[in-house]
Structures are given as structure tokens and as C-alpha cells.
Amino acid sequence: MNRRGFLSAANEQQKLTMRPADLRLRAARPSSLPCKICGAPSALYGVTDFSRPCDIGAPMPPVSGLPVYYRRCETCGFLFTDAFDDWDIGEFKTHIYNDDYVKYDPDYLEARPSGNASWVAQFWSEHKSGMRVLDYGGGNDVLCSSLRASGFKEAVTYDPMVAEHALQPSGKFDLVTCFETMEHLPDPIAGIGKMVEFVADPGAVLYTTLVQPDDLPKTGMSWWYIGPRNGHVSIFTRQALAAAWGKYGFKTASFSELLHIAFRTLPENWRMKVQ
Ligand SMILES: [Zn+2]
């Protein structure tokens, strides 16, 4: 076992002896809470273990014994936990976005940003020479460096969780991209508000987050995308997405269960027909 492996095993072992209060996890109250998006009553929906990652077929870490409860809004269907709502950025970095994070999200470093970059470059190839792009929550600069190399006028990474990219950019951007980030936002309305500040009008936000499947009542908490270890604290429905963006006067439309676009006005020359 190498040094890092040894340390991470020690880390996991240490968690086994921790209680929710040691980690400042907020205890679940049995009564309903207002939905973080629409304010409607949200009763407790289910519980999973803090160490549970999204199920991508990787080996499961030891069960921590720290319960994380999720609630579901009776109106918009938004599924969320408030267990981490007392954490600051430092606590997220220590317990979730730490050296072990990549084990549970192996595509985070290279495969996902590269794949997304080639898709964006292809889709906007006609307009790229005049476009300013901001990648929000991108983690590293892989996506943006690829966009710059393929001829975009400007492509900037902004991620408050990553020191090298935590400097807030200035001005407005024709396109803000936000890949696999929305589900990580403990306060999605505030997070969307932050993105909206950077979007030019006309302009758009291209984003991914997997919406709940129709058969969620059948799979419940065993659905693979509910993973506190991955930082998945906010799980949307299409209705929840529409309500969240709607707070800022944005509409949202979906290309698939995963890929969506939000905008006030779409640039006419993109010739996008969105319903
Ligand atoms: Zn709601």
C-alpha cells in the first residue's frame, strides 16, 4: 500500500468512529421543511450512509454509520438533504472534495471535461471566434484550455472550491457551462443566482445534471445518483429545474435527462429551436 493509500484507509477508519455531531452534520427533524426551491412542504424521504458514493461500479467504501437523510418536495419533487447546510467550504474540501474524491468520480479530471469540450466546440463551431465562455464549477481548466485551443475567443474557469480558479471573473459571457455541478449545490437558488450574474443577454447556460427517473418511487434511495460521498445533495426534477431558473426570469429546456440549457433570450444567430 502506498502512502496515500495508507492515509486514506486511516481516514476512512477514523470516520467509522465519528458521530454526526463530530462532522457537524445537521440532524434530521421529523417534521417537514420548506423546499429549497419552491418552498412547499418537504417531508423526510429516506436515508443513506455518508460514505455512499454514486454507484458507478467502483468498490464501495466501508459504511461510516453516519446517516444522511434526504427530503422530497411534495410540489416540485426536488430531493435534497440539509445535512451539510452548516458546512463551510473548508469542511466540504476536507470531507468530500478531498484527495479521495477522484476514486468516486474518476471522470472528473480528464474524460468528462475533454468530452464536453469537444461537444461544445462542435456545437458552437460557427460562432466560437466571437464567443466568451465561462465554465462554472469546472474543477480544473481542462475544458477551457481545450476550448481556447480550438479557437474560442475566451474561455475561463471559475470554481470557488479550487484555489487556482477561485478568482471571480469579470464581465458577461455568451455561454456559461456548468457540467455536473448543480447536484452539488447545497443552496441551489443561490448557486444559480451566482451563475446568472455572468450570463450575457442574449446568452445561455449549458448545464448537466441527471433528473430523477420516472420510476424513482420504485428505486427510492437506492437510485445510483444519490451519493453523499460524491457531494450529490440536490437531485432535481424537470419541474424543480424550471422553478429554480424561473426565479431569475430564465427558461430551461432539456436535450435529454442529463443535458439542459437555460436562458432569458437565446442569441438569434445560434439558430436554436427550443420548446
Ligand atoms: Zn419544491
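**Notes on the two domains and the open sheet**

1. In this predicted model, the C-alpha centres of domain 1 and domain 2 sit 25 Å apart. Domain 1 covers 3–104, while domain 2 is made of two pieces, 111–214 and 236–270.

2. On the contact between them: domain 1 puts in 13 residues and domain 2 puts in 13 residues. Looking at the side of domain 1 that touches domain 2, helix 2 (residues 89–95) gives the largest share, with three residues. That side of domain 1 breaks down by class into nine nonpolar, three charged and one polar residue.

3. Now the sheet. What is the strand order in the open sheet of six strands? Reading across, you get 6-5-7-8-11-10, and the pairing is mixed. Strand 6 (154–158) and strand 10 (251–254) are the edge strands, each pairing on one side only. From one strand to the next, the twist averages 20 degrees.

4. At the strand 6 edge, strand 5 (residues 132–136) runs parallel to strand 6, and five bridges join the two. If you want one pair to look at, take L134, whose bridge partner in strand 6 is V156.

5. Helix 6 (residues 188–196) packs on this sheet, where it touches strand 5, strand 7 (173–178) and strand 8 (199–208). The direction of helix 6 makes about 135 degrees with that of strand 8.

6. Over by the other edge strand, strand 10, look for helix 8 (residues 238–246), which lies across strand 10 and strand 11 (259–263). Helix 8 runs at about 150 degrees to strand 10.

Definitions and conventions
Residues numbered from 1 in each chain as written. Predicted model: local features only at pLDDT ≥ 70, side-chain atom pairs only at ≥ 80, totals over all residues. Pairing = 2+ DSSP bridges. Helix = DSSP H or I, 4+ residues; strand = E, 2+ residues; numbered from the N terminus. Axes fitted to C-alpha atoms, helices over the stretch in contact; angles between N-to-C directions. Contact = placed C-beta atoms within 7 Å. Domains from an automatic or database assignment. Nonpolar A, V, L, I, M, F, W, Y, C, P; charged D, E, K, R; others polar.
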